[in-house]
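Here are my notes for you, point by point. Keep the structure open next to them and look up each residue as we go.

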Amino acid sequence: MERRCPDCGVTMEPITLKSNGGYELQAVSDENRGGILGSLGMKERLDLETVACPECGLVRLYAGAEE
Ligand SMILES: [Zn+2]
């Protein structure tokens, strides 16, 4: 999906955010999953789509994006 910078209106470019340890960041919802994972206390983990504006440097994260 194409993302546009709210300030500049240009197309934002996909980037990868990593922690200092080199791991990719992941969003974890406080909402517990239903079903068997929920009963095991597993929380929902969402993939992140990260985009950056090439004009102003704004970085946005979208949780739950399709790969
Ligand atoms: Zn911008």
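1. Is Cys8 buried, partly exposed or exposed? Find the residue before you read on. Cys8 has a relative accessible area of 35%, and because the partly exposed class runs between the 20% and 50% cut-offs, Cys8 counts as partly exposed. Bear in mind that this is a predicted model.

2. Now the overall layout. The protein chain has one helix and five strands, and starting at the N terminus the order is β-β-α-β-β-β. The chain is 67 residues long, and 18% of them count as buried.

3. Back to Cys8, which has a job to share in the description of the metal site. The zinc ion has as its protein donors the SG atoms of Cys5, Cys8, Cys53 and Cys56, lying 2.3 Å from the ion. The angles among the four donor atoms are 106 to 113 degrees, and the site is tetrahedral. Written as a spacing pattern, the donor residues read C-x2-C-x44-C-x2-C. Take Cys8 and Cys56 as a pair: they are 48 residues apart and link distant parts of the chain. Cys8 sits in the segment before strand E1 (13–15), while Cys56 sits in the loop between strand E4 (48–52) and E5. Like Cys8, Cys56 is partly exposed, with a relative accessible area of 42%.

4. That loop brings us to the hairpin. E4 and E5 form it with six residues between them, and the two strands pair in the antiparallel sense over five bridges. In the turn, look for Gly57, whose phi is positive at about 85 degrees. Across the pairing, Glu49 stands opposite Tyr62 in E5.

5. How many salt bridges does a search of the whole structure find? The search gives two. Some background helps here: side chains of opposite charge can pair when their charged atoms come close. One of the bridges joins the side chains of Glu49 and Arg3, at 2.9 Å from N to O. Glu49 belongs to strand E4 and Arg3 to the segment before E1, so this pair ties together parts that are 46 residues apart in sequence. Both Glu49 and Arg3 are buried.

6. Another salt bridge joins Glu2 and Arg4, whose side chains meet at 3.1 Å, N to O. Check the surroundings of these residues too. Glu2 has 53% relative accessibility and counts as exposed, whereas Arg4 is partly exposed at 47%. Set that beside Glu49 and Arg3, which are both buried.

7. Have a look at the start of the chain as well. Met1 lies in the segment before E1 and is exposed, with a relative accessible area of 81%. From Met1 to Glu49 is 48 residues in sequence, and their C-alpha atoms are 10.0 Å apart in space.

8. Last, the surface. Which residues form a nonpolar patch there? They are Ile15, Val59 and Leu61, and together they have about 230 Å² of accessible area. Val59 is placed in strand E5 (residues 59–63). At 41% relative accessibility, Val59 counts as partly exposed. If you colour one thing on your own picture, try this patch, with Val59 in E5 as your starting point.

How values were computed
Residues numbered from 1 in each chain as written. Predicted model: local features only at pLDDT ≥ 70, side-chain atom pairs only at ≥ 80, totals over all residues. Heavy atoms only, no water. Patch = residues over 30% accessible without salt bridge, like charges linked within 9 Å, V, L, I, M, F, W, Y side chains within 5 Å. Areas by Shrake-Rupley, 256 points an atom, 1.4 Å probe, with all protein chains shown as cover. Salt bridge = Lys/Arg side-chain N within 4 Å of Asp/Glu carboxyl O. Helix = DSSP H or I, 4+ residues; strand = E, 2+ residues; numbered from the N terminus. Buried < 20%, exposed > 50% of the residue type's maximum accessible area, 1.4 Å probe, protein only. Donors = N, O, S within 2.8 Å, 3.2 Å for Na, K, Ca; no water. Tetrahedral: all angles 85-135°; square planar, octahedral: opposite > 155°, others 65-115°. Pairing = 2+ DSSP bridges.
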